[in-house]
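Student: I'm new to this structure and would like a close look at a single part. Could you pick one helix and walk me through it and its surroundings?

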Amino acid sequence: MTEKMQKAMNQQLNRELYSAYLYLAMSAYFENHNLSGFAHWMRVQAREEEAHAMKFYRHLVERGGRVVLSAIESPPKDWKSPLAVFQQALEHEQKVTKMIHDLLNLARAGKDHAADAFLQWFVKEQVEEEFSTNEIVQKLNWIGESAGGLLLLDHELSKRKVEKGADEEEKE
Ligand code: FEO
């Protein structure tokens, strides 16, 4: 693995941990507003991001690269509404998608087939991440100022399960 690819993967590992931090901050926002279903959804999301970070960690280790952990940026702590939270989550996922695509372009430019194959999983995952976040943005748009609608969605989001294997990625 080239130095350049190692650096890029370590940066992505950091961004995945930042994603976990961002969603944990969003979860805390919802806890403070007594929306426990939304808080739960965000906590599950944060755990998935930790699993994503661990996939990069494992890939670096398995390729004989170095894992270099850098400081994780502080996430915001307040938003003006649940809609604003999910709009930011969607924008964040769109940025992450671009980062994954840039990484894949780097792998292809360097003919790094192992990294190319590894990154394919993330390309598909990002389609899913953007879809599920956007769906909630659209629902919140429909709900508008309706407290009843918000509580109904809160109940729906409380049912989210941790993705199978999300806690076991490091063992793969
Ligand atoms: Fe790790 Fe939400 O992308």
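Tutor: Let's start where helix 2 ends: Gly64 follows this helix, and its phi is positive, near 75°. Keep in mind that this is a predicted model.

Now look back along the helix itself. Helix 2 covers residues 36-62, which makes 27 residues. At 1.5 Å a residue, helix 2 should span 39 Å, and because its end C-alpha atoms are 39 Å apart, the expected span and the model agree.

Next, see what helix 2 helps to build. The largest nonpolar core has 25 residues, and those touching the most other members are Met26, Phe30, Phe38, Met42, Trp79, Val85 and Phe86. Helix 2 supplies at least two residues of this core, as do helix 1 (3-32), helix 3 (82-109), helix 4 (113-143) and helix 5 (147-157). Helix 1 gives the most, with 7 residues.

Met42 is a good place to zoom in. Leaving aside residues up to four places away in sequence, Met42 touches Tyr23, Met26, Ser27 and Phe30, and also Val85, Phe86 and Ala89. There is also a second, separate core of 16 residues, with Met9, Leu13, Ile100 and Phe118 among them.

Finally, turn to two of the neighbours that share the largest core with helix 2. Helix 3 and helix 4 pack with their axes 9 Å apart, at an angle of about 165°. Angles over 145 degrees count as roughly antiparallel, so that is how helix 3 and helix 4 run relative to each other. Their crossing, as helix 3 passes helix 4, is left-handed.

Note on methods: Residues numbered from 1 in each chain as written. Predicted model: local features only at pLDDT ≥ 70, side-chain atom pairs only at ≥ 80, totals over all residues. Heavy atoms only, no water. Helix = DSSP H or I, 4+ residues; strand = E, 2+ residues; numbered from the N terminus. Expected span 1.5 Å × (residues − 1). Core = buried A, V, L, I, M, F, W, Y, C linked by side-chain atoms within 4.5 Å. Buried < 20%, exposed > 50% of the residue type's maximum accessible area, 1.4 Å probe, protein only. Contact = heavy atoms within 4.5 Å. Axes fitted to C-alpha atoms, helices over the stretch in contact; angles between N-to-C directions. Parallel < 35°, antiparallel > 145°, perpendicular 65-115°, else oblique. Left-handed = near helix turned anticlockwise from the far one by under 90°.
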